[in-house]
Amino acid sequence: MQRCLALTLAQHSRLLLRNKFIPICRQQSAAMSGLLINQPNYSWLKELGLSEDNPGVYNGSWGGSGEVVTSYCPANNAPIARVTQATLAEYEETVQKTREAWKMWADVPAPKRGEIVRQIGDALRRKINVLGSLVSLEMGKIYVEGVGEVQEYVDVCDYAVGLSRMIGGPILPSERPGHVLIEQWNPVGLVGIITAFNFPVAVYGWNNAISLICGNVCLWKGAPTTPLTSVAVTKIVAEVLEQNKLPGAICSMTCGGADIGTAMAKDERVGSAVIHRQHPCWQDGGHDGAGKVRP
């Protein structure tokens, strides 16, 4: 009798502990599985056009049917939001649309291309604090450094605007009577830009602004650990292009892993590819000391 009573009390105690412990575990699990973008303290992420699930392909329209990746805050490993990456088929489609957009963009006078870049710089200025906060949250830099990255993009836009009215070439004497030699620079076409996680905005900005005023179009693949930053920046640029009734594919983007980066680095249709030396693709060969392939 005593043994049965002791056994009953022991089972009852375990049941009480179990009932007390399970709700705590469930609360912790729910907190860990919740995305930061849905929490009030991070509602500012939606000012950048981000949501729980974000398409990771842009070529004039948004899409993506590849692997779904979750972006995490490196400070506490909290999930921020999800991005659907590109497949190789979607990369191929994006390259085709970007090259088609180049035919129109290359015919736009350089000063007018500079005006578009000026508007991109102004759009970035309006979002500089919130975009800098995203860089800090997703990449791990302090807030001041995150804002500084966006400021670098803005500064290069300002530089590119002036440069768009200064692209020229020398006029040289010719051996033929009544003739002169004129040197004229032409755009290379499609510029591929592959950036690493530690500079998720600035490196793209340097190359994007200068490429655009030269008459080139851009295809960007950011780091797979900072896809939300890539999406947010592309949304800002795309809005400027759409407001000016220009093809969005002028500044295309494909989120993805090494398969997308390798395809871009080896794609002969990409007239010039710029790979940030911190990116794994830079170590696969086909580059020079500056981290550029096929300059």
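**Note on the α4/α7 contact and the adjoining sheet**

1. In this predicted model, Leu131, Leu134, Val135 and Glu138 of α4 meet Pro227, Leu228, Thr229, Ala232, Val233 and Ile236 of α7 (contact means heavy atoms within 4.5 Å; helices are DSSP runs of H or I with at least four residues, strands runs of E with at least two, numbered from the N terminus). By class, the contact has eight nonpolar, one polar and one charged residues (Ala, Val, Leu, Ile, Met, Phe, Trp, Tyr, Cys and Pro count as nonpolar, Asp, Glu, Lys and Arg as charged, the others, Gly among them, as polar).

2. The axes of α4 (residues 128-139) and α7 come within 9 Å and cross at roughly 165° (axes are lines fitted to C-alpha atoms, for helices over the stretch in contact; angles run from 0 to 180 degrees between N-to-C directions). The two helices are therefore roughly antiparallel (angles over 145 degrees).

3. Three strands make an open, mixed sheet in the order β1-β5-β4 (strands pair if DSSP finds at least two bridges between them). β1 (53-55) and β4 (68-72) are at the edges with a single partner strand each, so one side of each lacks a neighbour in the sheet.

4. Five bridges join β4 to β5 (residues 79-84), and these two strands run antiparallel. Val69 stands opposite Val83 in β5.

5. Helix α7 (residues 227-243) packs on the sheet and touches β1, β4 and β5, its direction making about 65° with that of β5.

6. Residues are numbered from 1 along each chain as its sequence is written, and side-chain values use heavy atoms, with hydrogens and water left out. Local features need pLDDT of at least 70 and side-chain atom pairs count only at pLDDT 80 or more, while totals for chains, interfaces and linings use all residues.

Methods:
Parallel < 35°, antiparallel > 145°, perpendicular 65-115°, else oblique.
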